[in-house]
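Me: Hi! I'm new to this structure and would love a friendly walk through it. Could you help me find my way around?

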Amino acid sequence: MIYKDFQDLKLSALGFGAMRLPTVGGVDAQVDEPAAKELVDYAMAHGINYYDTAWGYHGGHSEAVMGRCLRQYPRQSYYLASKFPGYDLSNMGKVQEIFEEQLRRCGVEYFDFYLFHNVCEMNIEQYLDPQYGIFDYLTQQKKAGRIRHLGLSIHGSIHVLERFLEAYGEAMEFCQVQLNYLDWEFQDAREKVALLERYHIPVWVMEPLRGGRLCQLSEEDAAVLHALRPKESPAGWAFRFLQSIPSVGVTLSGMSTMEQLQENLSFFETEQPLSPEEWDTLQQIARAMTGGVPCTSCHYCTSHCSQELDIPMLLKLYNEHTFTGGGFLAPMALSALPADKQPSACVACRACEAVCPQQIKISDVLADFSQKLHS
Ligand code: SF4
Ligand code: SF4
């Protein structure tokens, strides 16, 4: 196992994500606890010391299951992470109640790592609003030793991350980012990593395989990669990409089976970062995979829109929505916008299209987006 230095700790570069534990009959809220325990035991025996759970995973059962799976091990032999569930705005006034319950569920006296979960457009105002006292409460818990390290996970845009870091950046010790070779450009992961580097905040990776999508390459893409590294699997390429980014600390992977765990462990025996040629090849493959509307975010169009729509942002969300066949990211980001800034607010005047250097049929795209969102 590769270990990463983090302050005075040595963290396993592969972290165990407890959001895709084995289940009974495919029911998310029914964790197959004996199978989960077998995975945790194997992970512990093979050097994984970082375990990431959250309030909402597996219908609220992940924390308790992980607590029971880890209970037999000395408390100092593993690092446990959980998160404040601010993705649900009804939780905002309940930070103390939820935090106490999380410790109880996990059967621990402190969390090694604790995060503001899913900072995004929908909740940034509330996370920054002192009336909820979330930051103050969590920093108090840190002073009391019940949180050892405080961080965040980000699903919002780079602008949301900027706002959060302007407010709390000095207190943030790590940040979980959706990072993989597809999202390096597609979800602005590159800009987020660069911003975090300016704050000297290390990056924890979530979705290293994009929910398994990066294991399903086309025959042509697989052949291109095979010619460069004949022994590397598609998953291996995704992990080698991450091993090429210096500020990446822990890479979290939600593992459901022993085969996945064993395969992932094999990628963390040695670091094998990509050469510049390999990196460029992966980026070309990623661009072809995501496709979508070729907006470059030049913003030439926005001053021509009588509805004052943030056209590049909407097109980015359209691409995400189309690529994932729905997903949660685009609806979540749109939920923070008023009705007169939604895709449906476009009046099809086409003034924007006259100035778009990419000749994008913006009004048609927004109409399609609106229809997809409401179908
Ligand atoms: S077509 Fe839609 S997006 Fe473009 S300028 Fe008109 S209202 Fe704005
Ligand atoms: S002008 Fe075209 S390329 Fe530029 S931001 Fe607008 S839609 Fe995107």
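Reply: Happy to; what follows is a tour of a predicted model, from its strands to its helices and cores.

Me: Great. Which strands close into a barrel, and in what order?
Reply: There are 8 of them, in the order β3-β4-β5-β6-β7-β8-β9-β10, and the pairing is parallel. On average, neighbouring strands of this sheet are turned by 30 degrees against each other, direction ignored.

Me: Let's zoom in. How many bridges join β5 to β6?
Reply: Strand β5 (residues 79–84) is joined to strand β6 (residues 111–119) by 4 bridges. If you want a pair to look for, S82 has Y114 of β6 opposite it.

Me: What packs on the sheet around there?
Reply: Helix α3 does, touching β5, β6 and β7 (147–154). The direction of α3 makes about 130 degrees with that of β6.

Me: Going on along the barrel, how many bridges pair β7 and β8?
Reply: β7 and β8 pair over 4 bridges, in the parallel sense. You can spot G151 standing opposite F174 in β8.

Me: Is β8 itself mostly covered or open?
Reply: Mostly covered: 5 of its 5 residues are buried. On one side of β8 sit F174, Q176 and Q178, and on the other C175 and V177.

Me: Why do they split between two sides like that?
Reply: Because side chains in a regular strand alternate between the two faces of the sheet.

Me: And which residues cover the two sides of β9?
Reply: In strand β9 (residues 203–206), V203 and V205 are on one side, with W204 and M206 on the other, and all are buried. β9 also pairs with strand β8 (residues 174–178) over 4 bridges, where V203 is the bridge partner of C175. With strand β10 (residues 248–254), β9 pairs over 2 bridges, and V205 stands opposite T251.

Me: Back to α3. At what angle does it cross α5?
Reply: The axes of α3 (residues 95–106) and α5 (residues 134–143) cross at roughly 40 degrees and come within 10 Å. That crossing is right-handed. The contact is made by V95, Q96, F99 and E100 from α3, and by I134, Y137, L138 and Q141 from α5.

Me: What classes of residue are those?
Reply: The contact of α3 with α5 has 5 nonpolar, 2 polar and 1 charged residues.

Me: New topic: which residues touch the most other members of the largest nonpolar core?
Reply: They are F16, Y51, F116, M172, L179 and F241, in a core of 89 residues. A second, separate core has 20 residues, including C301, C305, L314 and C356.

Me: What does M172 touch?
Reply: Leaving aside residues up to four places away in sequence, M172 touches F116, F135, L150, G151, L152, F164, L165 and I201.

Me: I also clicked on N264. Is N264 buried or exposed?
Reply: N264 has a relative accessible area of 4%, so N264 counts as buried. N264 lies in helix α11 (residues 258–267). Not counting residues up to four places away in sequence, N264 touches L14, F239, S253 and M255.

Me: Last one: where is E191, and why is it called partly exposed?
Reply: E191 is in helix α8 (residues 189–198). The relative accessible area of E191 is 35%, and partly exposed covers what falls between under 20% and over 50%. The C-alpha atoms of E191 and S157 are separated by 9.7 Å, although these residues are 34 residues apart along the chain.

Definitions and conventions. Residues numbered from 1 in each chain as written. Chains lettered and ligands numbered in written order. Predicted model: local features only at pLDDT ≥ 70, side-chain atom pairs only at ≥ 80, totals over all residues. Heavy atoms only, no water. Core = buried A, V, L, I, M, F, W, Y, C linked by side-chain atoms within 4.5 Å. Buried < 20%, exposed > 50% of the residue type's maximum accessible area, 1.4 Å probe, protein only. Contact = heavy atoms within 4.5 Å. Axes fitted to C-alpha atoms, helices over the stretch in contact; angles between N-to-C directions. Left-handed = near helix turned anticlockwise from the far one by under 90°. Nonpolar A, V, L, I, M, F, W, Y, C, P; charged D, E, K, R; others polar. Pairing = 2+ DSSP bridges.
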